[in-house]
Amino acid sequence: MQQRDFLAQLDRLGIHTQEALDRFMGNEALFLSFIRQLPEKLDFSGSRRGLDEEDEDTFYMNVHNLKGMAGNLSIGPIYDCAQAILVEFRTSKFQNKKKLTELTREAEAASEAIAELVRQYLAEEGTV
């Protein structure tokens, strides 16, 4: 897959690549080096564990870190979900665990699609 096609597909999945490239001062190679790490970085095990165990610190830090990464890379769907999770969590902690679980699953579904695209790109690029 050509790099331009890859960037276009990232856009279709909700990554605002031009916005992210602007944040990276136009350095496409640097931006792509961060994108290549997404399959590893989009790990929800800590968030799920914190939610399951109602561990406020673990849950909050994992979601907050996810939001920061998504914001820096302009990953709209994940950023929006992480923001919604944090708003709900700050409002009610674990009182509305069902909503927190749904929002976490939504973010995880968006991340799986992105991670799969990145893995496909890396495999075709021969860097896996």
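This report describes salt bridges, aromatic pairs, a pocket and several individual residues in a predicted model.

## Salt bridges between distant parts of the chain

The count of salt bridges in the model comes to 7, and three of them are described here with the places and accessibilities of their partners. Arg4 forms a salt bridge with Glu28, in which the closest N and O atoms are 3.9 Å apart. This pair links distant parts of the chain, since Arg4 belongs to helix H1 (residues 3–12) and Glu28 to helix H3 (residues 28–35), with the two positions 24 residues apart in the numbering. Arg4 is exposed, with a relative accessible area of 62%, whereas Glu28, at 23% relative accessibility, counts as partly exposed.

Arg36 forms a salt bridge with Glu125, and here the closest N and O atoms are 2.6 Å apart. Because Arg36 lies in the loop between H3 and helix H4 (38–41) while Glu125 lies in helix H8, the pair ties together parts that are 89 residues apart in sequence. Arg36 counts as partly exposed at 30% relative accessibility, and Glu125 counts as partly exposed at 31%. A further salt bridge joins Glu108 to Arg48, with the closest N and O atoms 2.9 Å apart. Glu108 sits in helix H8 and Arg48 in helix H5 (residues 45–52), so that this pair, too, links distant parts of the chain, the partners being 60 residues apart. The accessibilities of the partners fall in separate classes: Glu108 is buried at 15% relative accessibility, while Arg48 is partly exposed with a relative accessible area of 36%.

## Aromatic pairs

The structure holds 7 aromatic pairs. Ring pairs link Phe59, Tyr60, Phe89 and Phe94 into a cluster. Of these residues, Phe59 appears again below among the contacts of Thr104, and Phe94 serves as the reference point for a distance from Pro77.

## The largest pocket

The largest pocket has a volume of about 150 Å³, and its lining is made up of Lys41, Asp43, Ser47, Asn62, Asn65, Leu66 and Met69. Helix H6 (residues 56–72) contributes the largest share of this lining, with 4 residues. Sorted by class, the lining comprises 2 nonpolar, 3 polar and 2 charged residues.

## Thr104 and Pro77 in their helices

Thr104 is placed in helix H8 (residues 97–125), the helix that also holds the salt-bridge partner Glu108. Its relative accessibility is 3%, and Thr104 therefore counts as buried, the cut-off for that class being under 20%. When residues up to four places away in sequence are not counted, Thr104 touches Phe44, Leu51, Phe59 and Ile85.

Pro77 is placed in helix H7 (residues 76–92) and, at 27% relative accessibility, counts as partly exposed. Leaving aside neighbours within four places in sequence, Pro77 is in contact with Leu13, Gly14 and Ala110. From C-alpha to C-alpha, Pro77 and Phe94 are 23 Å apart in space, with a separation of 17 residues in sequence.

## Positive phi in two loop residues

Glu54 is not a glycine, yet this residue has a positive phi of about 55°. Glu54 lies in the loop between H5 and H6, and at 43% relative accessibility Glu54 counts as partly exposed.

Ser74 likewise shows a positive phi in a residue other than glycine, with a value near 55°. Ser74 is found in the loop between H6 and H7. In terms of accessibility, Ser74 is buried, with a relative accessible area of 4%, whereas Glu54 is partly exposed.

Methods. Residues are numbered from 1 along each chain as its sequence is written. This is a predicted model: local features need pLDDT of at least 70, side-chain atom pairs count only at pLDDT 80 or more; totals for chains, interfaces and linings use all residues. Side-chain values use heavy atoms; hydrogens and water are left out. Rings of Phe, Tyr and Trp (its six-membered ring) pair if their centres lie within 6.5 Å; planes under 30 degrees apart count as stacked, over 60 as edge-to-face and the rest as tilted. On a 1 Å grid over the protein atoms alone, a cavity is a set of points where a 1.4 Å probe fits but cannot get out, and a pocket is an open set with protein on both sides within 12 Å along at least five of seven lines; lining residues have an atom within 4 Å of a point. Grid points are joined across faces, edges and corners, and a volume is the space filled by probe spheres set on the points. Ala, Val, Leu, Ile, Met, Phe, Trp, Tyr, Cys and Pro count as nonpolar, Asp, Glu, Lys and Arg as charged, and the others, Gly among them, as polar. Buried means under 20% relative accessible area, exposed over 50%, partly exposed in between (1.4 Å probe, protein chains only). Contact means heavy atoms within 4.5 Å. A salt bridge is a side-chain nitrogen of Lys or Arg within 4 Å of a carboxyl oxygen of Asp or Glu.
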